[in-house]
Amino acid sequence: MSLMTKRPFALSRRDVLLSASALLLPLPGAVLAQSGGATPDPSTLPPVLADLVPARLGDQFRLSKLDARGAGWRDLEIRSAEPGGATRTEKVSIQAGARAMYALPRGQWFVNLKVEQSQAGSYARDRALCIEALRNIHTLRDESSRRWLAEADEKAREPLASRTLPGLALAELDKAPHHGIETLAASENLYGASGVPTMAHFFLPSREVIVSAYLLHQKDTAVKTLSEYRRLRDAFIDGYAEVLARAVEKDGVRSSS
């Protein structure tokens, strides 16, 4: 599955974007609710996940679809950053999992969220693999962007002005924690270059849970610029991290009582 919606560069960036495709495969499982009907009920999820999937996040994001998944594995592809290098496939464990889709007020999906508890004894390895894969995606995007900027002529660069922001690198990696939650986010700052401009992980070691968020490009909607997209992206990451922080704090209260 390619993430490309168009090819804005003279040099192909297809290989870079394909490295993310393995992360975006939908989770199999029974559909608990569908957008357009009643709001899905997160309380139907296992307790370790239920309070990590809010029905609403502020006024901007509402839960519109929820899929559950039992124990198993999912494949994670890690592409070599070296020219001609091989791609290796690793397995990330799942003891209990869910996919949550969040929509904007107009109804279009903005976030594909995977919330997964690792199998016993596997969390540290799963975390390390997720970090390696996301850093790898960032490296490939960054190197591709740098090559293109070095080789493109002025005419090829002209469309950049309307699709990015001054002073921003075309590939960005954010390692800052949010509300005390370990977070890693990789973003592409050329709006419309791919279907998933931002991918992020949130790590909850106390529950051995890894959350993977894919923040989607908003084609043909009111969100038409990188600036508008980034405001929504930042609002979701901050708001969702706050939800996770409250859940972790609640765990601490329970263990001390």
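Let's start with Arg 230: in this predicted model, the residue is buried, with a relative accessible area of 15%. That places Arg 230 below the cut-off, since buried means under 20%. Its salt-bridge partner is Glu 172, and the closest N and O atoms sit 2.9 Å apart. The pair links distant parts of the chain, with Arg 230 in helix α6 (residues 226-256) and Glu 172 in strand β8 (residues 171-174), 58 residues apart. Glu 172 has 23% relative accessibility, so this residue counts as partly exposed.

**Salt bridges around Arg 207**

Side chains of opposite charge can pair when their charged atoms come close. Across the model the count comes to 15 salt bridges. Here are three of them, side by side.

| Pair | Closest N to O |
|---|---|
| Asp 51 and Arg 207 | 2.6 Å |
| Asp 251 and Arg 207 | 2.7 Å |
| Arg 230 and Glu 172 | 2.9 Å |

Arg 207 turns up twice, so let's follow that residue through both pairs. Take the bridge to Asp 51. Asp 51 lies in the loop between α2 (47-50) and β2, while Arg 207 lies in the loop between β10 (198-204) and β11 (209-215), so the pair ties together parts that are 156 residues apart in sequence. Is Arg 207 buried or exposed? With a relative accessibility of 8%, Arg 207 counts as buried. Asp 51, at 23%, counts as partly exposed.

Then there is the bridge from Arg 207 to Asp 251. Here helix α6 supplies Asp 251, with Arg 207 in the loop between β10 and β11, and the two are 44 residues apart. Through shared partners, salt bridges join Asp 51, Arg 207, Lys 250 and Asp 251 into one network.

**Strands β2, β3 and β6**

Now for some strand pairing. Strand β2 (residues 56-57) runs antiparallel to β3, and two bridges join them. The two strands form a hairpin with three residues between them, and Gly 58 in the turn has a positive phi of about 65 degrees. Arg 56 stands opposite Arg 62 in β3.

β3 also runs antiparallel to β6, this time with seven bridges. Arg 62 shows up again here, standing opposite Ala 103 in β6. As for exposure, strand β3 (residues 61-69) is mostly covered, with seven of its nine residues buried.

Just past β6 comes Gln 108, in the loop between β6 (96-103) and β7 (109-117). Gln 108 has a relative accessible area of 18%, so this residue is buried. What does Gln 108 contact, leaving aside neighbours within four places in sequence? The list is Tyr 102, Ala 103, Gln 218 and Thr 221.

**Nonpolar cores**

In soluble globular proteins, nonpolar side chains tend to be buried together. In this model the largest nonpolar core has 41 residues, and those with the most contacts inside it are Tyr 102, Leu 113, Val 115, Phe 202 and Tyr 240. At least two residues each come from α2, β3, β6, β7, β10, β11 and α6. The largest share, 11 residues, is from α6.

Tyr 240 is a good place to look around. Not counting residues up to four places away in sequence, Tyr 240 touches Leu 52, Pro 54, Leu 57, Leu 113, Val 115, Phe 202 and Val 211. Another core of 19 residues lies apart from the largest one, with Ile 131, Ala 186, Val 196 and Met 199 among its members.

**Aromatic rings**

A pair of aromatic rings is described by the distance of the centres and the angle of the planes. The model has seven aromatic pairs. In the pair of Phe 110 and Tyr 229, the ring centres are 5.7 Å apart and the planes are at 55 degrees, so the pair is tilted. Phe 110 sits in strand β7 and Tyr 229 in helix α6, 119 residues apart. Both rings belong to buried residues.

Tyr 229 has a tilted pairing with Tyr 191 too, at 5.5 Å centre to centre and 40 degrees between the planes. Tyr 191 lies in the loop between β9 (182-188) and β10, 38 residues away from Tyr 229. Tyr 191 is buried, as is Tyr 229.

Ring pairs link Phe 61, Tyr 102, Phe 110, Tyr 191, Phe 202, Tyr 229, Phe 236 and Tyr 240 into a cluster. One more ring worth a look is Phe 203, where Arg 127 lies over the face at 5.6 Å from the ring centre.

Conventions
Residues numbered from 1 in each chain as written. Predicted model: local features only at pLDDT ≥ 70, side-chain atom pairs only at ≥ 80, totals over all residues. Heavy atoms only, no water. Helix = DSSP H or I, 4+ residues; strand = E, 2+ residues; numbered from the N terminus. Buried < 20%, exposed > 50% of the residue type's maximum accessible area, 1.4 Å probe, protein only. Contact = heavy atoms within 4.5 Å. Pairing = 2+ DSSP bridges. Salt bridge = Lys/Arg side-chain N within 4 Å of Asp/Glu carboxyl O. Core = buried A, V, L, I, M, F, W, Y, C linked by side-chain atoms within 4.5 Å. Phe/Tyr/Trp six-rings, centres within 6.5 Å; stacked < 30°, edge-to-face > 60°. Lys NZ or Arg CZ within 6 Å of the ring centre and 35° of its normal.
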